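Subject: Handover of a protein structure

Dear colleague,

Please find below the structure that I am handing over to you. My notes on what was found in it follow directly after.

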Amino acid sequence: MSLFLFISVWKPHKDAQTHTYAELAKNYNNCKVIYSAQCVVAGEMGWVESWNLMNNGSSILYKLDGGSPLANKEYLIIKEYFEPLSQLDPPELTPEEIAAGEEPTKPLKPFCLPWYPDGLAYQLNLTRRNIRRCEAYWRFHQFLISETENGNISRQEAVSMIPPLVLGVEPHHKVLDMCAAPGSKTSQLIEFLHSSDNAIEAAIPSGLVVANDADNKRCYMLTHQAKRLQSPSIMITNHDAAFMPNIFHTRKDGSVGPIKYDRILCDVPCSGDGTMRKNFDVWKKWNPLNGANLHGLQLRIARRGLEMLTVGGRMVYSTCSMHPLEDEAVLHRLIREAEGAVRLVDVREQLPGLTYTEGLNDWVIMNKEMEVIPSADEIPTKNTNLFSKHVFPPSSEDREKIGLNKCM
């Protein structure tokens with residue numbers, strides 16, 4: 001049984017007061033032009049709403065680790081907290097708080113995320129102000145902190161749980177997480193590996209999770225995350241994912257050969273412009289070429305992942321970016337190079353109730369001067385080192401065959 005609990009705690013941007021809209025207007029307008037052209041965010045109102053969200057701060061999210069032997073008991077404890085908190089009558093605002101523009105504290109109403117299996121994922125909106133003003137909320141928050149330290153609860157964004165979920169890990173699978181740090185997705189993979197109904201296989205699965213990261217310091221963070229789950233089936237490596245070496249093992253017939261993985265998570269380094277809401281610095285550093293600069297690295301990592309994937313295996317490619325050069329363009333190129341050896345899988349049925357947009361079959365490429373580059377034959381001389389002919393969208397004849405609309 002896996003229960004995932006998300007507690008949203010509003011966290012204002014530390015730079016929100018020092019960086020005004022006027023200072024970021026150029027980046028925002030350029031971003032708006034590019035993503036409006038891609039139809040990623042529809043219409044002017046779509047961008048107004050998106051900007052308000054991105055400028056409002058983000059949430060701190062927690063999940064209950066289903067791999068813990070105490071998961072069932074933890075679930076019951078959480079449920080005991082839910083009911084009184086939802087019926088709580090918060091204290092009224094003082095005149096000083098009203099004058100300061102404070103909003104009244106509202107009772108917590110857990111929301112069950114419909115796309116997570118078995119209805120075991122919940123989200124609550126709990127602000128730091130709520131915690132400060134209401135003792136019951138403060139006690140609940142302290143409980144979360146304590147359980148996090150004990151390894152029963154982990155902090156994780158709801159959206160970051162989707163890639164491991166659709167990977168479909170089973171206890172006998174050999175799993176590779178290519179860019180694993182800080183380790184929240186790796187923790188999920190370990191939990192899925194220990195999800196057997198058989199007590200022995202749940203304790204010691206026949207499968208394995210190899211968690212890799214190129215940054216040595218981040219590997220220590222990854223080790224700390226994985227250590228809390230106390231799994232005997234985790235290996236941590238420190239390599240450049242684009243040049244990930246083979247790991248050799250002895251097969252049942254006595255021969256020695258490289259491990260081929262049943263499941264690979266390829267969550268590549270990216271520009272992160274899909275995280276502007278929580279990473280305010282992204283707005284200051286954003287420019288139209290970020291996606292083009294990272295496309296090659298992302299392609300090399302994903303290509304190496306496919307080389308290590310077993311026949312019939314599954315790889316999930318994911319980024320924190322909205323830019324098609326980091327997403328659909330990478331997959332387009334991989335599928336063309338594979339010449340029929342790989343295909344895109346439609347996983348929408350695994351996520352009922354999730355709001356999403358289909359992948360793009362067509363996109364617009366712009367340079368730093370916001371000039372549209374219509375085709376590979378019209379790349380300006382000054383941009384030949386940035387854009388290759390492979391980053392352009394598929395032809396109308398290839399679109400149905402490649403099926404980029406299956407991306408989410």
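A helix, as the word is used in this message, is a DSSP run of at least four residues, and helices are numbered from the N terminus. In helix H12, which spans residues 290-307, Glu307 and Arg304 stand three residues apart, about one turn of the helix. A salt bridge joins the two, with 3.0 Å between the closest N and O atoms. Arg304 is buried, at a relative accessibility of 13%, whereas Glu307 is partly exposed, at 43%.

Confidence and overall make-up

Please bear in mind that this is a predicted model. The mean pLDDT of the protein is 82, and 81% of the residues reach 70 or more. Confidence is highest in strand E6 (residues 174-177), with a mean of 98, and lowest in strand E1 (residues 4-8), with a mean of 36. Residues 1-19 have a pLDDT below 50, although this stretch has 89 contacts in the model beyond near neighbours in sequence. Where pLDDT is low, the predicted coordinates should not be read in detail.

The protein has 408 residues, of which 49% are buried. Its secondary structure consists of 14 helices and twelve strands. Of the contacts between residues at least 6 apart in sequence, 76% join residues at least 24 apart.

Salt bridges

The whole structure contains 14 salt bridges. Another of them pairs Asp262 with Lys174, at 4.0 Å from N to O. Asp262 belongs to strand E11 (residues 261-267) and Lys174 to strand E6, so this pair ties together parts that are 88 residues apart in sequence. Asp262 is buried, with a relative accessible area of 17%, while Lys174 is partly exposed, with 27%.

A further salt bridge is formed by the side chains of Arg399 and Asp362, at 3.7 Å from N to O. Arg399 lies in helix H14 (residues 396-402) and Asp362 in the loop between helix H13 (328-338) and H14, so the pair links parts that are 37 residues apart in sequence. Both partners are partly exposed: Arg399 has a relative accessible area of 29%, and Asp362 has 42%. In addition, Arg303, Arg333 and Glu337 are joined into one network by salt bridges that share partners.

The annotated binding site

Which residues does UniProt list for "binding site"? The unreviewed entry gives Cys179, Ala180, Ala181, Pro182, Gly183, Ser184, Lys185, Asp213, Asp240 and Asp267.

Two of these positions, Ala181 and Asp213, deserve a description here. Ala181 is in the loop between E6 and helix H8 (184-193), and Asp213 is in the loop between strand E7 (208-212) and helix H10 (216-227). Are they buried or exposed? Ala181 is buried, at a relative accessible area of 9%, and Asp213 is likewise buried, at 7%.

The backbone nitrogen of Ala181 lies 3.2 Å from a polar atom of the Asp213 side chain. Leaving aside residues up to four places away in sequence, Ala181 touches Asp213, Arg218 and Leu222. On the same basis, the residues that Asp213 touches include Met178, Cys179, Ala180, Ala181 and Arg218, as well as Thr237, Asn238 and His239.

Nonpolar cores

The largest nonpolar core has 39 residues, and Met178 and Phe387 have the most contacts inside it. Two or more residues each come from E11, H12, strand E12 (309-318) and H13. H13 gives the largest share, five residues.

Met178 connects several of the regions described above. Not counting residues up to four places away in sequence, its contacts include Asp213, one of the listed binding-site positions. Among the other residues that Met178 touches are Ile264, Leu265 and Cys266, together with Ile301 and Arg304. Arg304 is the buried partner in the salt bridge with Glu307.

A second, separate core comprises 24 residues, including Ala121, Val166, Leu193 and Leu354.

Points to take away

When you open the model, residues 1-19 are the stretch with pLDDT below 50, while strand E6 has the highest confidence. Lys174 in E6 is tied to Asp262 in E11. Ala181, in the loop between E6 and H8, has its backbone nitrogen 3.2 Å from a polar side-chain atom of Asp213.

With kind regards

Notes
Residues are numbered from 1 along each chain as its sequence is written. This is a predicted model: local features need pLDDT of at least 70, side-chain atom pairs count only at pLDDT 80 or more; totals for chains, interfaces and linings use all residues. Side-chain values use heavy atoms; hydrogens and water are left out. pLDDT is the predictor's confidence in each residue, from 0 to 100. Contact means heavy atoms within 4.5 Å. Buried means under 20% relative accessible area, exposed over 50%, partly exposed in between (1.4 Å probe, protein chains only). UniProt positions are given in the numbering used here, feature names are shortened, and annotations may be inferred rather than shown by experiment. A polar contact is a pair of N or O atoms within 3.5 Å; within protein, one must be able to donate a hydrogen and the other to accept it, and residues adjacent in sequence count only if both atoms are side-chain atoms. A nonpolar core is a set of buried Ala, Val, Leu, Ile, Met, Phe, Trp, Tyr and Cys residues joined through side-chain atoms within 4.5 Å.
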